[in-house]
Amino acid sequence: MDSSVRSCSAVAFVYRGTFVHSTPQTPLQILEDALLGVDTRGKIAFIDKGGELQDLSQTFGFSPSKVIQLEDHEFFMPGMVDTHIHASQYSYAGTALDMPLLQWLNTYTFPVESRFKDLQFAHNVYTQVVKRTLRNGTTTACYFATIHTDSSLLLGRIAHDFGQRALVGKVCMDRNSSVKHYKETSQESENETYRFIKELLNQKYPLVKPVVTPRFAPSCSEALLTQLGAIAKNNNLHIQSHISENTEEVKLVKELFPDSESYTDVYHKSNLLTEKTVMAHGCHLSDKELVLFRETGTSLSHCPNSNFSLCSGVLNVRNVLNHKVKCGLGTDVAGGYSSSMLDAVRKALDASKVLTIQNPEHNTLTFEEVFRLATLGGSQALSLDDHTGNFEVGKDFDALRVNVAAPGGPIDLIQSDRPKNLLEKFLNLGDDRNIMEVFVAGRKVVPFTDL
(Lines give C-alpha, C1' and ligand atoms only; values in the text may rest on other atoms or scores of the structure.)
Protein backbone atom coordinates (compact mmCIF):
# COMPACT_ATOMS: atom_id res chain seq x y z
CA MET A 1 0.00 0.00 0.00
CA ASP A 2 1.24 3.46 -0.79
CA SER A 3 0.33 6.78 0.70
CA SER A 4 3.87 8.13 0.78
CA VAL A 5 3.51 10.60 -2.07
CA ARG A 6 1.45 13.60 -1.09
CA SER A 7 -0.67 14.91 -3.95
CA CYS A 8 -0.44 18.65 -4.53
CA SER A 9 -4.16 18.70 -5.44
CA ALA A 10 -7.17 18.34 -3.17
CA VAL A 11 -8.82 14.93 -2.85
CA ALA A 12 -12.00 14.75 -4.94
CA PHE A 13 -13.36 11.40 -3.72
CA VAL A 14 -12.38 8.34 -1.70
CA TYR A 15 -13.53 4.72 -2.04
CA ARG A 16 -13.20 1.97 0.57
CA GLY A 17 -13.37 -1.73 -0.21
CA THR A 18 -11.59 -4.32 -2.32
CA PHE A 19 -9.19 -3.32 -5.09
CA VAL A 20 -7.58 -5.84 -7.46
CA HIS A 21 -4.75 -5.04 -9.84
CA SER A 22 -1.44 -6.26 -11.20
CA THR A 23 2.15 -5.19 -10.73
CA PRO A 24 5.14 -6.04 -12.93
CA GLN A 25 6.12 -8.64 -10.32
CA THR A 26 2.67 -10.00 -9.40
CA PRO A 27 -0.11 -10.95 -11.87
CA LEU A 28 -2.81 -10.41 -9.26
CA GLN A 29 -2.64 -8.35 -6.10
CA ILE A 30 -5.76 -8.17 -3.94
CA LEU A 31 -6.15 -5.29 -1.50
CA GLU A 32 -9.02 -5.92 0.90
CA ASP A 33 -10.53 -3.14 3.03
CA ALA A 34 -8.38 -0.58 1.26
CA LEU A 35 -8.82 3.16 0.92
CA LEU A 36 -8.12 4.83 -2.41
CA GLY A 37 -8.29 8.58 -2.90
CA VAL A 38 -8.43 10.42 -6.21
CA ASP A 39 -7.41 14.04 -6.48
CA THR A 40 -9.00 16.80 -8.52
CA ARG A 41 -6.63 16.10 -11.42
CA GLY A 42 -7.96 12.55 -11.65
CA LYS A 43 -4.80 11.00 -10.24
CA ILE A 44 -4.50 8.47 -7.43
CA ALA A 45 -3.54 10.46 -4.35
CA PHE A 46 -3.17 7.52 -1.99
CA ILE A 47 -3.98 3.87 -1.50
CA ASP A 48 -3.70 2.43 1.98
CA LYS A 49 -5.32 0.18 4.57
CA GLY A 50 -8.82 0.98 5.79
CA GLY A 51 -7.56 1.19 9.35
CA GLU A 52 -5.58 4.29 8.38
CA LEU A 53 -8.74 6.30 7.67
CA GLN A 54 -8.30 8.89 10.42
CA ASP A 55 -4.65 9.58 9.62
CA LEU A 56 -5.33 9.73 5.90
CA SER A 57 -8.28 12.07 6.32
CA GLN A 58 -6.11 14.49 8.28
CA THR A 59 -3.15 14.21 5.91
CA PHE A 60 -5.19 14.66 2.74
CA GLY A 61 -7.95 16.87 4.10
CA PHE A 62 -11.14 14.92 3.47
CA SER A 63 -14.05 14.01 5.72
CA PRO A 64 -14.31 10.32 6.71
CA SER A 65 -18.07 10.61 6.33
CA LYS A 66 -17.62 11.27 2.61
CA VAL A 67 -15.88 7.94 1.96
CA ILE A 68 -17.85 5.72 -0.44
CA GLN A 69 -18.09 2.12 0.80
CA LEU A 70 -18.16 -0.79 -1.64
CA GLU A 71 -20.39 -3.80 -1.00
CA ASP A 72 -18.93 -7.22 -0.20
CA HIS A 73 -19.54 -8.46 -3.75
CA GLU A 74 -18.03 -5.34 -5.34
CA PHE A 75 -14.48 -4.47 -6.24
CA PHE A 76 -12.49 -2.00 -8.28
CA MET A 77 -10.13 -3.17 -11.00
CA PRO A 78 -8.06 -1.17 -13.49
CA GLY A 79 -9.75 -0.24 -16.73
CA MET A 80 -9.08 -2.63 -19.57
CA VAL A 81 -6.78 -1.71 -22.45
CA ASP A 82 -7.72 -2.76 -25.98
CA THR A 83 -4.42 -2.67 -27.84
CA HIS A 84 -5.92 -3.35 -31.28
CA ILE A 85 -9.40 -2.50 -32.57
CA HIS A 86 -10.66 -1.34 -35.97
CA ALA A 87 -13.31 1.25 -35.13
CA SER A 88 -14.32 1.45 -38.79
CA GLN A 89 -15.23 -2.25 -38.89
CA TYR A 90 -17.69 -2.09 -35.99
CA SER A 91 -20.68 -1.79 -38.33
CA TYR A 92 -20.35 -5.42 -39.42
CA ALA A 93 -19.01 -6.93 -36.19
CA GLY A 94 -20.49 -10.36 -35.58
CA THR A 95 -20.82 -11.20 -39.29
CA ALA A 96 -18.57 -11.99 -42.26
CA LEU A 97 -16.35 -14.56 -40.59
CA ASP A 98 -16.34 -17.15 -43.35
CA MET A 99 -13.06 -16.35 -45.12
CA PRO A 100 -9.34 -16.27 -44.35
CA LEU A 101 -7.63 -12.92 -43.85
CA LEU A 102 -6.68 -11.73 -47.34
CA GLN A 103 -9.97 -12.74 -48.95
CA TRP A 104 -11.85 -11.32 -45.96
CA LEU A 105 -10.15 -7.94 -46.38
CA ASN A 106 -10.96 -7.76 -50.09
CA THR A 107 -14.55 -8.98 -49.79
CA TYR A 108 -15.78 -7.27 -46.64
CA THR A 109 -13.33 -4.85 -45.06
CA PHE A 110 -12.12 -2.59 -47.84
CA PRO A 111 -15.60 -1.94 -49.32
CA VAL A 112 -16.95 -0.98 -45.88
CA GLU A 113 -13.95 1.17 -44.95
CA SER A 114 -14.23 3.07 -48.24
CA ARG A 115 -17.59 4.43 -47.00
CA PHE A 116 -15.93 6.48 -44.26
CA LYS A 117 -15.42 9.44 -46.55
CA ASP A 118 -19.06 10.04 -45.60
CA LEU A 119 -18.73 11.90 -42.29
CA GLN A 120 -22.31 11.22 -41.23
CA PHE A 121 -21.80 7.47 -41.63
CA ALA A 122 -18.48 7.75 -39.80
CA HIS A 123 -20.04 9.74 -36.95
CA ASN A 124 -22.73 7.11 -36.44
CA VAL A 125 -20.34 4.15 -36.39
CA TYR A 126 -17.63 5.83 -34.33
CA THR A 127 -20.10 7.08 -31.72
CA GLN A 128 -21.47 3.58 -31.29
CA VAL A 129 -18.09 1.87 -30.99
CA VAL A 130 -16.74 4.34 -28.43
CA LYS A 131 -19.87 4.08 -26.30
CA ARG A 132 -19.98 0.30 -26.55
CA THR A 133 -16.33 -0.21 -25.65
CA LEU A 134 -16.62 2.15 -22.69
CA ARG A 135 -19.67 0.24 -21.44
CA ASN A 136 -17.64 -2.93 -21.85
CA GLY A 137 -14.92 -1.54 -19.60
CA THR A 138 -12.37 -0.44 -22.20
CA THR A 139 -10.86 2.71 -20.75
CA THR A 140 -8.02 2.81 -23.29
CA ALA A 141 -8.32 1.85 -26.96
CA CYS A 142 -5.78 1.79 -29.77
CA TYR A 143 -7.92 2.44 -32.84
CA PHE A 144 -7.45 1.91 -36.55
CA ALA A 145 -9.69 4.29 -38.48
CA THR A 146 -9.51 4.45 -42.32
CA ILE A 147 -7.50 6.30 -44.97
CA HIS A 148 -9.86 9.28 -44.64
CA THR A 149 -8.26 12.07 -42.62
CA ASP A 150 -11.39 14.01 -41.69
CA SER A 151 -13.32 11.01 -40.40
CA SER A 152 -10.23 9.83 -38.51
CA LEU A 153 -10.09 13.22 -36.80
CA LEU A 154 -13.79 12.79 -36.02
CA LEU A 155 -13.02 9.52 -34.22
CA GLY A 156 -10.51 11.38 -32.07
CA ARG A 157 -13.08 14.01 -31.19
CA ILE A 158 -15.72 11.44 -30.28
CA ALA A 159 -13.32 9.53 -28.03
CA HIS A 160 -12.44 12.83 -26.34
CA ASP A 161 -16.07 13.84 -25.93
CA PHE A 162 -16.97 10.57 -24.21
CA GLY A 163 -13.81 10.60 -22.09
CA GLN A 164 -12.03 7.53 -23.46
CA ARG A 165 -8.25 7.37 -23.50
CA ALA A 166 -7.32 6.59 -27.10
CA LEU A 167 -4.63 6.32 -29.70
CA VAL A 168 -6.20 7.01 -33.10
CA GLY A 169 -4.61 6.06 -36.39
CA LYS A 170 -5.37 7.31 -39.87
CA VAL A 171 -4.69 4.22 -41.98
CA CYS A 172 -1.96 4.44 -44.63
CA MET A 173 -1.98 2.22 -47.73
CA ASP A 174 -0.72 2.89 -51.23
CA ARG A 175 -1.27 -0.64 -52.57
CA ASN A 176 -4.70 -2.23 -53.02
CA SER A 177 -5.51 -4.17 -56.19
CA SER A 178 -8.91 -5.44 -55.04
CA VAL A 179 -10.77 -2.20 -54.21
CA LYS A 180 -8.93 0.24 -56.42
CA HIS A 181 -10.58 3.40 -55.08
CA TYR A 182 -9.62 2.52 -51.50
CA LYS A 183 -5.98 3.49 -51.50
CA GLU A 184 -3.74 6.55 -51.69
CA THR A 185 -0.60 7.43 -53.55
CA SER A 186 2.50 7.35 -51.41
CA GLN A 187 2.67 11.15 -51.46
CA GLU A 188 -1.01 11.53 -50.57
CA SER A 189 -0.58 9.16 -47.66
CA GLU A 190 2.44 11.06 -46.38
CA ASN A 191 0.76 14.47 -46.75
CA GLU A 192 -2.51 13.35 -45.15
CA THR A 193 -0.68 11.67 -42.29
CA TYR A 194 1.11 14.94 -41.57
CA ARG A 195 -2.22 16.78 -41.70
CA PHE A 196 -3.89 14.24 -39.43
CA ILE A 197 -1.12 14.42 -36.85
CA LYS A 198 -0.99 18.21 -36.87
CA GLU A 199 -4.74 18.74 -36.63
CA LEU A 200 -5.25 16.12 -33.93
CA LEU A 201 -2.39 17.45 -31.79
CA ASN A 202 -3.68 21.00 -32.27
CA GLN A 203 -6.91 19.99 -30.54
CA LYS A 204 -4.87 19.44 -27.36
CA TYR A 205 -7.06 16.55 -26.23
CA PRO A 206 -5.47 15.39 -22.97
CA LEU A 207 -6.22 11.68 -23.49
CA VAL A 208 -6.36 11.25 -27.29
CA LYS A 209 -3.18 11.08 -29.37
CA PRO A 210 -2.28 10.12 -32.95
CA VAL A 211 -0.61 6.84 -33.85
CA VAL A 212 1.22 6.34 -37.15
CA THR A 213 -0.62 3.51 -38.92
CA PRO A 214 0.72 1.64 -41.93
CA ARG A 215 -2.06 -0.90 -42.45
CA PHE A 216 0.37 -3.77 -42.99
CA ALA A 217 3.30 -4.48 -45.25
CA PRO A 218 1.26 -5.99 -48.14
CA SER A 219 -0.71 -2.74 -48.56
CA CYS A 220 2.29 -0.40 -48.28
CA SER A 221 5.23 0.20 -50.59
CA GLU A 222 8.69 0.18 -49.08
CA ALA A 223 8.92 3.91 -49.81
CA LEU A 224 5.75 4.61 -47.82
CA LEU A 225 6.87 2.44 -44.89
CA THR A 226 10.15 4.37 -44.78
CA GLN A 227 8.35 7.71 -44.87
CA LEU A 228 6.07 6.67 -42.03
CA GLY A 229 9.01 5.48 -39.95
CA ALA A 230 10.61 8.89 -40.34
CA ILE A 231 7.38 10.71 -39.46
CA ALA A 232 6.99 8.69 -36.27
CA LYS A 233 10.62 9.22 -35.26
CA ASN A 234 10.65 12.95 -35.98
CA ASN A 235 7.44 13.49 -33.99
CA ASN A 236 8.04 10.89 -31.24
CA LEU A 237 4.77 9.14 -32.04
CA HIS A 238 3.29 5.73 -31.45
CA ILE A 239 3.17 3.23 -34.33
CA GLN A 240 0.71 0.39 -34.96
CA SER A 241 0.38 -2.24 -37.66
CA HIS A 242 -0.16 -5.96 -38.27
CA ILE A 243 2.37 -8.77 -38.56
CA SER A 244 2.41 -12.52 -39.30
CA GLU A 245 -1.33 -12.98 -38.89
CA ASN A 246 -1.70 -15.94 -41.23
CA THR A 247 0.60 -18.06 -43.39
CA GLU A 248 -0.72 -16.81 -46.73
CA GLU A 249 0.03 -13.24 -45.64
CA VAL A 250 3.56 -14.19 -44.53
CA LYS A 251 4.19 -15.81 -47.91
CA LEU A 252 2.90 -12.70 -49.73
CA VAL A 253 5.26 -10.46 -47.74
CA LYS A 254 8.22 -12.64 -48.80
CA GLU A 255 7.18 -12.15 -52.42
CA LEU A 256 6.68 -8.39 -52.09
CA PHE A 257 9.86 -7.77 -50.07
CA PRO A 258 12.38 -10.35 -51.36
CA ASP A 259 15.36 -8.46 -49.93
CA SER A 260 14.06 -8.65 -46.35
CA GLU A 261 15.08 -11.49 -44.10
CA SER A 262 11.65 -11.77 -42.46
CA TYR A 263 8.31 -10.02 -42.04
CA THR A 264 9.74 -8.32 -38.94
CA ASP A 265 12.78 -7.21 -40.93
CA VAL A 266 10.51 -5.37 -43.39
CA TYR A 267 9.36 -3.07 -40.62
CA HIS A 268 12.77 -2.92 -38.97
CA LYS A 269 14.41 -1.63 -42.16
CA SER A 270 11.87 1.22 -42.23
CA ASN A 271 12.51 2.19 -38.58
CA LEU A 272 9.00 1.13 -37.60
CA LEU A 273 10.03 -1.06 -34.66
CA THR A 274 10.35 1.14 -31.58
CA GLU A 275 9.54 1.32 -27.88
CA LYS A 276 6.22 2.90 -28.92
CA THR A 277 5.26 0.33 -31.57
CA VAL A 278 2.53 -2.26 -31.17
CA MET A 279 2.09 -5.01 -33.77
CA ALA A 280 -1.09 -7.08 -33.88
CA HIS A 281 -1.24 -10.89 -34.07
CA GLY A 282 2.27 -12.30 -34.58
CA CYS A 283 0.93 -15.87 -34.72
CA HIS A 284 3.76 -17.08 -36.98
CA LEU A 285 6.74 -15.09 -35.72
CA SER A 286 9.99 -17.00 -35.33
CA ASP A 287 12.02 -16.92 -32.14
CA LYS A 288 14.60 -14.85 -34.02
CA GLU A 289 11.92 -12.28 -34.83
CA LEU A 290 10.81 -12.20 -31.19
CA VAL A 291 14.39 -11.42 -30.19
CA LEU A 292 14.25 -8.41 -32.53
CA PHE A 293 10.96 -7.38 -30.92
CA ARG A 294 12.60 -7.45 -27.50
CA GLU A 295 15.73 -5.62 -28.66
CA THR A 296 13.71 -2.80 -30.24
CA GLY A 297 11.12 -2.62 -27.44
CA THR A 298 8.31 -3.45 -29.86
CA SER A 299 5.08 -4.86 -28.39
CA LEU A 300 2.62 -7.52 -29.50
CA SER A 301 -1.17 -7.28 -29.37
CA HIS A 302 -2.67 -10.74 -28.87
CA CYS A 303 -6.03 -10.94 -30.69
CA PRO A 304 -7.27 -14.47 -30.03
CA ASN A 305 -10.90 -14.05 -31.14
CA SER A 306 -9.81 -12.87 -34.58
CA ASN A 307 -7.06 -15.49 -34.77
CA PHE A 308 -9.71 -18.17 -34.24
CA SER A 309 -12.51 -16.56 -36.25
CA LEU A 310 -10.45 -16.10 -39.43
CA CYS A 311 -8.56 -19.37 -38.85
CA SER A 312 -5.30 -17.42 -38.81
CA GLY A 313 -3.32 -19.23 -36.13
CA VAL A 314 -2.73 -19.51 -32.39
CA LEU A 315 -0.21 -17.20 -30.77
CA ASN A 316 1.97 -18.85 -28.14
CA VAL A 317 1.81 -16.07 -25.56
CA ARG A 318 3.95 -18.05 -23.11
CA ASN A 319 6.75 -18.04 -25.66
CA VAL A 320 6.27 -14.30 -26.23
CA LEU A 321 6.52 -13.63 -22.48
CA ASN A 322 9.52 -15.94 -22.16
CA HIS A 323 11.24 -13.76 -24.76
CA LYS A 324 10.42 -10.75 -22.54
CA VAL A 325 8.37 -9.08 -25.25
CA LYS A 326 5.68 -6.67 -24.05
CA CYS A 327 2.22 -8.08 -24.72
CA GLY A 328 -1.37 -6.91 -24.35
CA LEU A 329 -4.77 -8.07 -25.58
CA GLY A 330 -6.85 -6.79 -28.49
CA THR A 331 -10.41 -7.40 -29.63
CA ASP A 332 -9.48 -6.79 -33.29
CA VAL A 333 -13.03 -5.90 -34.25
CA ALA A 334 -14.34 -7.02 -36.71
CA GLY A 335 -12.05 -9.98 -37.42
CA GLY A 336 -12.81 -10.54 -33.77
CA TYR A 337 -16.57 -10.56 -33.47
CA SER A 338 -16.76 -9.11 -29.94
CA SER A 339 -15.86 -5.60 -28.84
CA SER A 340 -15.57 -6.76 -25.22
CA MET A 341 -12.18 -7.16 -23.63
CA LEU A 342 -13.76 -9.77 -21.38
CA ASP A 343 -14.15 -11.87 -24.52
CA ALA A 344 -10.47 -11.27 -25.31
CA VAL A 345 -9.59 -12.52 -21.82
CA ARG A 346 -11.63 -15.70 -22.30
CA LYS A 347 -10.32 -16.39 -25.79
CA ALA A 348 -6.74 -15.83 -24.60
CA LEU A 349 -7.25 -18.50 -21.96
CA ASP A 350 -8.84 -20.80 -24.54
CA ALA A 351 -5.96 -20.28 -26.97
CA SER A 352 -3.43 -21.18 -24.31
CA LYS A 353 -5.41 -24.32 -23.45
CA VAL A 354 -5.51 -25.31 -27.13
CA LEU A 355 -1.71 -25.21 -27.15
CA THR A 356 -1.68 -27.38 -24.03
CA ILE A 357 -4.00 -29.90 -25.72
CA GLN A 358 -1.56 -30.01 -28.62
CA ASN A 359 1.45 -30.22 -26.32
CA PRO A 360 0.86 -31.25 -22.68
CA GLU A 361 4.27 -29.79 -21.79
CA HIS A 362 3.00 -26.30 -22.65
CA ASN A 363 2.77 -24.00 -19.62
CA THR A 364 -0.85 -22.82 -19.78
CA LEU A 365 -1.59 -19.19 -18.96
CA THR A 366 -3.44 -18.62 -15.70
CA PHE A 367 -6.44 -16.31 -15.40
CA GLU A 368 -4.31 -14.05 -13.19
CA GLU A 369 -1.72 -13.69 -15.97
CA VAL A 370 -4.39 -12.93 -18.57
CA PHE A 371 -5.96 -10.39 -16.20
CA ARG A 372 -2.58 -8.63 -16.20
CA LEU A 373 -2.41 -8.77 -20.01
CA ALA A 374 -5.83 -7.05 -20.20
CA THR A 375 -4.83 -4.22 -17.85
CA LEU A 376 -1.21 -3.47 -16.98
CA GLY A 377 0.12 -5.52 -19.90
CA GLY A 378 -1.91 -3.49 -22.34
CA SER A 379 -0.71 -0.21 -20.88
CA GLN A 380 2.89 -1.46 -21.14
CA ALA A 381 2.32 -2.56 -24.74
CA LEU A 382 1.14 0.96 -25.60
CA SER A 383 3.90 2.62 -23.55
CA LEU A 384 1.24 4.24 -21.38
CA ASP A 385 2.10 2.45 -18.14
CA ASP A 386 3.45 5.65 -16.61
CA HIS A 387 -0.13 6.94 -16.74
CA THR A 388 -2.44 3.93 -16.36
CA GLY A 389 -2.67 0.16 -15.96
CA ASN A 390 -2.83 -0.33 -12.19
CA PHE A 391 -3.48 1.44 -8.90
CA GLU A 392 -0.22 3.23 -8.17
CA VAL A 393 -0.04 6.63 -6.53
CA GLY A 394 0.45 9.31 -9.16
CA LYS A 395 -1.17 7.37 -11.98
CA ASP A 396 -4.50 8.34 -13.50
CA PHE A 397 -7.51 6.65 -11.96
CA ASP A 398 -8.70 4.49 -14.85
CA ALA A 399 -10.97 1.99 -13.17
CA LEU A 400 -14.04 -0.22 -13.27
CA ARG A 401 -16.42 -0.61 -10.35
CA VAL A 402 -17.59 -4.19 -10.66
CA ASN A 403 -20.64 -5.64 -8.93
CA VAL A 404 -20.52 -9.41 -9.35
CA ALA A 405 -24.05 -9.73 -7.93
CA ALA A 406 -25.60 -6.96 -10.04
CA PRO A 407 -29.42 -7.30 -10.17
CA GLY A 408 -30.44 -8.89 -13.46
CA GLY A 409 -26.80 -9.69 -14.23
CA PRO A 410 -25.38 -12.91 -15.67
CA ILE A 411 -23.75 -14.23 -12.48
CA ASP A 412 -25.43 -16.16 -9.68
CA LEU A 413 -23.57 -16.15 -6.37
CA ILE A 414 -24.33 -19.39 -4.57
CA GLN A 415 -22.04 -18.80 -1.62
CA SER A 416 -19.91 -16.08 -0.12
CA ASP A 417 -16.86 -16.02 -2.38
CA ARG A 418 -13.48 -14.50 -1.69
CA PRO A 419 -12.33 -11.59 -3.91
CA LYS A 420 -10.13 -13.84 -6.06
CA ASN A 421 -13.11 -16.05 -6.86
CA LEU A 422 -15.29 -13.01 -7.54
CA LEU A 423 -12.74 -11.69 -10.03
CA GLU A 424 -12.47 -15.06 -11.77
CA LYS A 425 -16.26 -15.31 -12.00
CA PHE A 426 -16.45 -11.82 -13.48
CA LEU A 427 -13.73 -12.51 -16.04
CA ASN A 428 -15.38 -15.77 -17.11
CA LEU A 429 -19.08 -14.97 -16.74
CA GLY A 430 -19.52 -11.22 -16.44
CA ASP A 431 -20.54 -8.55 -18.93
CA ASP A 432 -21.40 -4.86 -19.02
CA ARG A 433 -24.29 -5.40 -16.58
CA ASN A 434 -21.69 -6.05 -13.87
CA ILE A 435 -19.75 -2.84 -14.64
CA MET A 436 -21.51 -0.24 -12.55
CA GLU A 437 -19.12 2.68 -13.07
CA VAL A 438 -16.24 3.41 -15.43
CA PHE A 439 -13.62 6.05 -14.62
CA VAL A 440 -10.99 7.49 -16.95
CA ALA A 441 -8.47 9.88 -15.43
CA GLY A 442 -10.76 10.29 -12.44
CA ARG A 443 -13.80 11.25 -14.49
CA LYS A 444 -16.85 9.01 -14.29
CA VAL A 445 -17.60 8.30 -17.96
CA VAL A 446 -20.13 5.46 -17.42
CA PRO A 447 -23.05 5.77 -16.75
CA PHE A 448 -23.17 8.26 -19.60
CA THR A 449 -24.32 11.82 -19.12
CA ASP A 450 -25.74 14.04 -21.83
CA LEU A 451 -22.97 15.76 -23.79
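The buried residues of helix H9 pack against strand E11 (238–243), helix H8 (263–269), strand E12 (277–281), strand E13 (299–302) and helix H11 (317–322). Please keep in mind as you look around that this is a predicted model.

**Helix H9 and its two sides**

Which residues of H9 make up that buried set? In this helix, which covers residues 287–296, they are Glu289, Leu290, Leu292, Phe293 and Thr296. Looking down the axis of H9, you would find its buried residues within an arc of 155 degrees, so they line one face of the helix. Turn to the other side of H9 and you meet Lys288 and Glu295, which are exposed. Just after the helix comes Gly297, with a positive phi of about 80 degrees.

**The annotated domain**

For residues 76–445, an unreviewed UniProt entry gives the feature "domain: Amidohydrolase-related". Helix accounts for 43% of this span and strand for 17%. The C-alpha atoms at the ends of residues 76–445 are 15 Å apart.

**Salt bridges**

How many salt bridges does the structure hold? There are 22 salt bridges. Here are some of them, with the N to O distance for each.

| Acidic residue | Basic residue | N to O distance |
|---|---|---|
| Glu113 | Arg215 | 2.8 Å |
| Asp265 | Lys269 | 3.7 Å |
| Asp431 | Arg433 | 2.6 Å |

Let's begin with the pair Glu113 and Arg215, whose side chains meet at 2.8 Å, N to O. This pair links distant parts of the chain, 102 residues apart: Glu113 belongs to helix H2 (residues 101–113), while Arg215 sits in the loop between strand E10 (208–214) and helix H6 (222–235). Are these two residues buried or exposed? Both Glu113 and Arg215 are buried.

The pair Asp265 and Lys269 has another setting. Both residues lie in helix H8, 4 residues apart, which is about one turn of the helix. H8 is also one of the elements that the buried residues of H9 pack against. Why does Asp265 count as buried? Its relative accessibility is 14%, and buried means under 20%. Lys269, at 42% relative accessibility, counts as partly exposed.

Finally, Asp431 and Arg433 meet through their side chains at 2.6 Å, N to O. Arg433 has a relative accessible area of 42%, so this residue is partly exposed. Elsewhere, salt bridges that share partners bring Lys43, Arg165, Asp396 and Asp398 together in one network.

Conventions:
Residues numbered from 1 in each chain as written. Predicted model: local features only at pLDDT ≥ 70, side-chain atom pairs only at ≥ 80, totals over all residues. Heavy atoms only, no water. UniProt positions renumbered as here; feature names shortened; annotations may be inferred. Buried < 20%, exposed > 50% of the residue type's maximum accessible area, 1.4 Å probe, protein only. Arc of directions from axis to C-beta. Contact = heavy atoms within 4.5 Å. Salt bridge = Lys/Arg side-chain N within 4 Å of Asp/Glu carboxyl O.
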